[in-house]
Amino acid sequence: MNTKQTFHVTGFLLLLFALFSGSWFLWLFGGLFFFMPAAHSWWIANMNRWVKLEWIADQTRVMPGTPVQVTVRLNNRSWLPLPATWLRLTLPDHVTIEGADEVRVSNQRTIVRLRMDLPMRQSAERILILTPHKRGVVWLTEVQSETLPLFADEMSAIPLRVSFSMLVYPLPLPLPSISIEDTEPDGSRLSRQRQQEDVTFQRGVRPYIPGDRIKHINWKATAKTGSLATRLFEHTARPDWRIVGHILPSYEPLQQRHNDTVNERTISCLAALSVFCRKRSLGYELYLSVKQRGRDHYHLPAGSGKSHHLHVMTQLAQMHHYVTTPLPPILRRLEENPSKETILLITPRLDEAMEQAIDRLLRRGHKVAVLDVSDEQAVLRRYESSRAPIGRLIAR
């Protein structure tokens, strides 16, 4: 029998004696034992109206190992104080917590407890330091609150809603030294067919030609000469790369092998290539051997710049429950592409089918570079007209 039932039994006995004795004191005293549990149940049911939880983090997109400062503020808008209020929250086990009263790990989850004393119509706050150590998304949607119990030692858990998510990017893998000139195809060199204008470097002006863009008109030269003049820009001919990521199934039953560690290395290598292209302002399109919304593979169109880099890093951070697809169909699709751009393949497994697909790409005029991530150190292999690699560079 719990304390609440004890209150009800005591109140029933007092009312029974009051019925036979006619004492008004026993009627009031017995009714109090029924009123207190009802008042406590009403307070617990309506506590969310007066008690609010705020969760403020200084960062929401971080790299693994980056400490994030979080301010936990509990607001009490009622006229009742809430002493010895405990907040209980759960996070993934790879997240370390500093500044909490109790921290323990159970069932691959980190359980954190905070004690806060809330005066009436005031607020209390605590500061936590969260440090994630794996890529992914850290979600927090609910915090359990345990207030000072009315009935002896029986705690009342009250859920408090909170909206918090922290995106943890994959840690870039150390890459071997990649020479841009060696990995770019012949068509990337400056030629009349591939001339493009780089708007960041101006080399002069010329008379206006119908069809020129209005924003490229040089108004100062126009005012001096009395006729419209258009800016001339430097030529550039750097094409987009095609980066292909080979993601293996999470578990292969025939070989009885788990590939989570290898796939994490592949994802880290893709993140490192995205950082590499971002620093050198290189455009690239991304192919992944995972299904995407009914498609046979994931494809991100060509792009460059900060927004494209963030989109790639976000996609890599959120890649968890994926369905893999074979890689040779993706390479066969690239064979039919008329533009001869560089294909950079990141794979942990170079088998015979892969070698045949690379050989077909070479016969079609493509240049292929392979980053082998089967070991801890990535190995760069460049392929020419023959099937054998002509060079190997090992990351230090």
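Q: How are helix 5 and helix 6 oriented to each other, roughly parallel or roughly antiparallel?
A: Good place to start! Keep in mind that this model is predicted. The general idea is to compare the directions of the two helix axes: an angle over 145 degrees counts as roughly antiparallel. Here helix 5 (residues 260–279) and helix 6 (residues 306–317) pack at about 175°, so the two helices are roughly antiparallel. Their axes lie 10 Å apart.

Q: Which residues make the contact between helix 5 and helix 6?
A: From helix 5 come Ile267, Leu270, Ala271, Ser274, Val275 and Arg278. Helix 6 brings Lys306, His309, Val312, Met313 and Leu316. Sorted by character, the residues of this contact are seven nonpolar, two polar and two charged.

Q: Is Cys269 buried or exposed?
A: The rule to apply is that buried means under 20% relative accessible area. Cys269 has 0%, so it counts as buried. Cys277 is buried too, with a value of 1%.

Q: How many disulfides does a search of the whole structure find?
A: The idea is to look for a pair of cysteine sulfur atoms within 2.5 Å. The search finds zero disulfides.

Q: Where is Thr71, and which residues is Thr71 in contact with, leaving aside its neighbours within four places in sequence?
A: Find strand 3 (residues 68–76), and you will see Thr71 there. With those neighbours left aside, Thr71 is in contact with Glu54, Trp55 and Ile56, and also with Glu125, Arg126 and Ile127.

Q: And is Thr71 buried or exposed?
A: Use the cut-off again: under 20% means buried. Thr71 has a relative accessible area of 15%, so Thr71 is buried.

Technical notes: Residues numbered from 1 in each chain as written. Predicted model: local features only at pLDDT ≥ 70, side-chain atom pairs only at ≥ 80, totals over all residues. Heavy atoms only, no water. Buried < 20%, exposed > 50% of the residue type's maximum accessible area, 1.4 Å probe, protein only. Contact = heavy atoms within 4.5 Å. Axes fitted to C-alpha atoms, helices over the stretch in contact; angles between N-to-C directions. Parallel < 35°, antiparallel > 145°, perpendicular 65-115°, else oblique. Nonpolar A, V, L, I, M, F, W, Y, C, P; charged D, E, K, R; others polar.
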